Amino acid sequence: MLRTLRFGLLFAFSGMVAASCINPPDFPDTPSIEFKSLQVQRLPSAPGLQPIDSITVTIEFKDGDGDLGLNSEEYSNPPYNRLNSDNTINLNHWNYFFKIFVKDRNNQFVQRTTLINGSPLDPTQYYGQFPHLEPNADKKAPLKGELYFGQTFGLGDVFVPGEEVRFEITIKDRALNTSNTVTTNSFTVVR
């Protein structure tokens with residue numbers, strides 16, 4: 001029995017020593033992102049209805065203090081509330097920035113600023129908010145993972161068949177540090 005107890009204590013001590021040798025990763029407090037994948041799927045629609053394209057972008061992220069995401073209470077309060085005190089749009093309200101680029105006649109990708117009908121395109125319509133990603137928001141710790149963002153587009157609203165499209169993605173943490181910007185692969189809008 002004493003031998004079994006010694007073996008158990010040795011095993012527990014070994015586990016503590018191994019755990020104390022593992023250091024958390026050292027990431028900067030400003031988030032960094034990498035593009036991972038872009039999925040485009042034409043959703044089924046009834047005859048006579050506008051086709052819808054579903055876009056899903058996957059990025060990988062790293063953040064040194066793990067302060068990524070906003071909760072519903074934060075969305076409504078400074079510095080994240082939707083409007084500034086002068087009633088202008090507050091860009092800190094969003095933490096996921098999704099910009100649309102289309103290849104022009106000169107084979108250059110340019111940011112889409114109007115809808116197909118000529119109306120101005122409101123870029124904030126395609127921005128997003130993601131919730132807290134860390135398991136304990138009160139404890140600062142490095143965070144690494146993947147973030148998926150979905151968006152749908154009606155064919156003929158923002159894109160027309162044959163256009164080549166890609167996106168630029170940026171995220172922001174609660175300290176308002178802005179990540180690098182990544183560019184997705186491009187795809188051609190199908191008929």
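## Pairing around β6

Phenylalanine 98 has isoleucine 169 of β6 as its bridge partner. This pair is a convenient entry point to the model, which is predicted. Strands β3 and β6 are joined by seven bridges and run antiparallel. Strand β3 covers residues 96–103, and β6 covers residues 164–171.

Strand β6 also pairs with β7, in the antiparallel sense and over two bridges. Here glutamate 168 has threonine 183 in β7 as its bridge partner. A further two bridges connect β6 to β8, a strand of residues 187–188, and this pairing is antiparallel as well. In that case glutamate 164 is matched with threonine 188 in β8. Strand β6 is thus described by its pairings with β3, with β7 and with β8.

## Overall composition

The protein contains two helices and eight strands. Read from the N terminus, the order of elements is α-β-β-α-β-β-β-β-β-β. Of the 191 residues in the protein, 35% are buried.

The accessible surface of the protein amounts to about 11,800 Å², and carbon and sulfur atoms account for 53% of this area. When contacts between residues at least 6 apart in sequence are considered, 70% of them join residues at least 24 apart.

## The three-stranded open sheet

Strands β1, β2 and β5 form an open sheet in the order β1-β2-β5, with antiparallel pairing. The edge positions are taken by β1 (32–43) and β5 (143–154); each has a single partner strand, so one side of each lacks a neighbour in the sheet. On average, neighbouring strands of this sheet are turned by 15° against each other, with direction ignored.

In general, the strands of a sheet pair through backbone hydrogen bonds, in either a parallel or an antiparallel arrangement. In this sheet, strand β2, formed by residues 52–63, is linked to β5 by 12 bridges, and the two strands run antiparallel. Within the protein, phenylalanine 61 stands opposite glycine 145 of β5.

## Backbone features in the loops

Most peptide bonds are trans, and most residues other than glycine have a negative phi. The model contains departures from both patterns, as set out below.

The peptide bond between proline 78 and proline 79 is cis, with omega about 0°. Proline 79 is located in the loop between α2 (72–75) and β3 (96–103).

Asparagine 107 has a positive phi, near 60°, although this residue is not a glycine. Asparagine 107 belongs to the loop between β3 and β4, the latter strand being residues 109–111. Its relative accessibility is 56%; because the cut-off for an exposed residue is over 50%, asparagine 107 counts as exposed.

Leucine 176 likewise has a positive phi, of about 70°, and is not a glycine. Its position is in the loop between β6 (164–171) and β7 (182–183). With a relative accessible area of 31%, leucine 176 is partly exposed, because this class lies between the limits of under 20% for buried and over 50% for exposed. The two strands that flank this loop, β6 and β7, are also the antiparallel partners joined by two bridges.

How values were computed:
Residues numbered from 1 in each chain as written. Predicted model: local features only at pLDDT ≥ 70, side-chain atom pairs only at ≥ 80, totals over all residues. Heavy atoms only, no water. Pairing = 2+ DSSP bridges. Helix = DSSP H or I, 4+ residues; strand = E, 2+ residues; numbered from the N terminus. Axes fitted to C-alpha atoms, helices over the stretch in contact; angles between N-to-C directions. Buried < 20%, exposed > 50% of the residue type's maximum accessible area, 1.4 Å probe, protein only. Contact = heavy atoms within 4.5 Å. Areas by Shrake-Rupley, 256 points an atom, 1.4 Å probe, with all protein chains shown as cover.
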